[in-house]
Amino acid sequence: MQTKQGLAASKSAVLQNIHGTMELLRKYPPFNQMESAHLAYLVEHCLLRFYAAGESIIRPDDGPVQHFYIVKQGRVVGERPHSARRGSESTFEIAGGECFPLAALLGERATRTEHLAGEDTFCLLLPKDAFARLFAQSAPLRDFALRGVSSLLDQVNQQVQLRAAESLGAQYSLDTPLRELAMQQPVSCMAATPTREAVRRMHEQHVGSIVIVDADNRPQGIFTLRDLRRVVAAGSSLEQPISALMTQQPFHLAPGASAFDAALAMTERHIAHVCLVEDGRLLGVVSERDLFSLQRVDLVHLARTIRHAPRIDTLAALRHDIHLLVERMLAHGASSTQITQLITLLNDHTVSRVIELTLEEMGDPGVPFTWLCFGSEGRREQTLHTDQDNGILFEAADDQAEAIRQRLLPLAQRINQELARCGFSLCSGNIMAGNPQLCLSRHEWTRRFSRQVREATAQNLLESSIYFDLRVVWGDELGARLLRQHLLAEIADHSLFQRHLALSALQFRPPLGRLRDFVVARKGADKDTLDLKAEGLTPFVDGARVLALAHGVSECNTQQRFAELVRRGVIDALDGAAFEEAYHFIQQTRLQLHQQQASQNLPFSNRLDPDSLNHLDRRILRESFRQAQRLQASLSLRYQL
């Protein structure tokens, strides 16, 4: 019979074991956010099981999942029969502190993947009924289970925002709703108001604009100080009604839109004021000055400086200001989507100004043309580390195309060189407008794309898929729109091309292996690193492109493609959200890497040493790569590859 001392010692050992397990789990999401009582309940109701290397933990044949598993020590791999080949393939890897299989447990079904011990492994097993009770009581566990990788990414974004608040102060965020920034009682007048009276109201209220509204307070137009300067210069009478001089149908956003949305709109549309409209009625006005006064968003000013740069040298010098703006935005917790949009927008302005300055210097060739961009710029996903991928489209009959091309090529080649001076590296593959093969009439472009579709092979698609992300940067957009419509129609009718494109999208595999977290380079200058762009982003970019082109989606941006594919029911909403979040995190990591390189005067590189990341970032990067694996596995299944 056990003595009281023995019982006390046994109880103490149990409590120490529970406490030790709780401390271990507190290092990992979602356990690090759970209340102590809930975490203690979890640990108290868990069983500890050992699995030898190669031993099956759960498999599809076992029926509905009965336990929630947490890897306490070791490694678990998921294996699934290959859809086209004999044997199985590893689909994911789960390390210490991670849990499984949430989707099957919540769906009250069997797992679709066999889970095996990748090495000698200890797992904590929480019975299904205990998990259900904990799921109902613990919001962090419930949120994690329902949202998966998204909740992990939220934690990273919260950390970034916290660090930004510590270093910059929390006065302002790029995500601040416009309703918090706008003048709540905007200066307005009716359409019949004399212009002189409208200008007097603007002066008295110290504002740069007045909104013209109807009897129901619906905005009809806007008149700004810029308009006033134009009117005075033209000698127009200030006695005429303001409706004759106003800008009709002013641009507007909803009050819930962000400060970044307003700054982006001002930059794209060359405007200095944005109306806030809800249910058709004017609620406020946000001005460029409102954004500048917060000393956080100088995007509009920088864009205007680029658009009016008098010389190429000025544009080259402004690249430094773009770097500084990106650095501020990163420090303040801006998302990778916001930053890549910003960089692309400023790059567009730079390219347009280079074209205009080169035309002023060399003279108008007398032929209208459109400047196209491809690849990341076409998708609006550029980072600070970018080279040129561009071309020219013009309208011409077949017998005139060569003569027009010869007139445009010297100009195109000069523009390519001037862009290189501004920091856009010359393309090593010669994907540039100065290349005669990329200075084509619309009919020639159409034939080129048709040939790529009809004669598709995995290799030539690997080399040419960049062209399918085309966008107009300068010039008339009609020709490019007609070209894209033709391309989408041709691809929709060509299943073999879609299959080849899917096969091409599997060329770059996420750097995950079975023996360790990441597969890194083993030798050379890249030793112990992985490529965030080729191995991380490219699987998402290529996968989204395949599905978008196959289903007639005209958007080029990767995240917009995923959103539209979800809307059309091509991919599941939860999968689409996971793909977008994973892509976002890898891009964010890449941007931070580039910013570190810039601050240390190092050459830009996409190669990252994963050991340089903290535990949470490292784990989320692995999970993001797994989402890329899932996307590629779905392509393999869809196209029987």
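Q: Is Arg414 buried, exposed or something in between, and at what relative accessible area?
A: In this predicted model, Arg414 is partly exposed, and its relative accessible area is 29%.

Q: Which side chain does Arg414 meet in a salt bridge?
A: The partner is Glu361, and the N to O distance in this salt bridge is 2.5 Å. Because Arg414 belongs to helix 15 (residues 398-421) and Glu361 to helix 13 (residues 336-362), the pair ties together parts of the chain that are 53 residues apart in sequence.

Q: And what does Arg405 pair with?
A: Arg405 forms a salt bridge with Glu444, with 2.8 Å from N to O. This pair also links distant parts of the chain, since Glu444 sits in helix 16 (residues 442-454) and Arg405 in helix 15, with their positions 39 residues apart in sequence.

Q: Buried or exposed, those two, Glu444 and Arg405?
A: Glu444 and Arg405 are both buried.

Q: How many salt bridges are there by this rule?
A: The count comes to 34 salt bridges. One of them joins Glu119 and Arg75, whose closest N and O atoms are 3.4 Å apart. Glu119 lies in the loop between strand 7 (114-117) and strand 8 (121-127), whereas Arg75 is in strand 4 (residues 75-81), so this salt bridge ties together parts that are 44 residues apart in sequence.

Q: What are the relative accessible areas of Glu119 and Arg75?
A: Glu119 has a relative accessible area of 35% and is therefore partly exposed, while Arg75, with a relative accessible area of 9%, is buried.

Q: Which residues are linked in a network of salt bridges?
A: The network is made up of Arg379, Glu381, Asp469, Asp542, Arg545 and Arg561.

Q: Switching to sheets: what order do the strands of the open four-stranded one have?
A: The order is 18-17-16-19, and the pairing in this open sheet is mixed. Strand 18 (439-441) and strand 19 (471-474) stand at the edges with a single partner strand each, so one side of each of them has no neighbour in the sheet. On average, neighbouring strands of this sheet are turned by 40 degrees against each other, with direction ignored.

Q: How many bridges join strand 16 to strand 17, and which way do they run?
A: Strand 16 (residues 370-373) and strand 17 (residues 390-394) run antiparallel and are joined by four bridges. In that pairing, Cys373 has Asn390 in strand 17 as its bridge partner.

Q: Where does helix 15 lie relative to these strands, and what does helix 16 touch?
A: Helix 15 lies across strand 16, strand 17 and strand 18, and runs at about 150 degrees to strand 17. Helix 16 also packs on the sheet, touching strand 16, strand 17 and strand 18, and its direction makes about 100 degrees with that of strand 18.

Q: Now the backbone: which residues does a cis peptide bond join?
A: One cis peptide bond is between Pro29 and Pro30, with omega about 0 degrees, and Pro30 is in the loop between helix 1 (4-25) and helix 2 (36-44). Another joins Phe100 and Pro101, where omega is about -15 degrees, and Pro101 is placed in the loop between strand 6 (99-100) and helix 3 (102-106).

Q: Which residue other than glycine has a positive phi?
A: Asp528 is one of them, with phi near 70 degrees; this partly exposed residue has a relative accessible area of 35% and is found in the loop between helix 19 (495-504) and strand 20 (530-531). Gln640 likewise has a positive phi, of about 50 degrees, in the segment after helix 23 (615-639), and Gln640 is partly exposed at 43%.

Q: What pLDDT does the chain average?
A: The average is 85, and 88% of the residues score at least 70. Residues 6-11, however, have a pLDDT below 50, and beyond near neighbours in sequence this stretch has two contacts in the model. Residues 82-86 also stay under 50, and for them the model has ten contacts beyond four places in sequence. Where pLDDT is low, the predicted coordinates should not be read in detail.

Q: What share of the 641 residues is buried?
A: Buried residues make up 53% of the chain, which has 23 helices and 21 strands.

How values were computed
Residues are numbered from 1 along each chain as its sequence is written. This is a predicted model: local features need pLDDT of at least 70, side-chain atom pairs count only at pLDDT 80 or more; totals for chains, interfaces and linings use all residues. Side-chain values use heavy atoms; hydrogens and water are left out. A salt bridge is a side-chain nitrogen of Lys or Arg within 4 Å of a carboxyl oxygen of Asp or Glu. Helices (H or I, at least four residues) and strands (E, at least two) are DSSP runs, numbered from the N terminus. Buried means under 20% relative accessible area, exposed over 50%, partly exposed in between (1.4 Å probe, protein chains only). Two strands pair if DSSP finds at least two bridges between them. Axes are lines fitted to C-alpha atoms, for helices over the stretch in contact, and angles run from 0 to 180 degrees between N-to-C directions. Contact means heavy atoms within 4.5 Å. pLDDT is the predictor's confidence in each residue, from 0 to 100.
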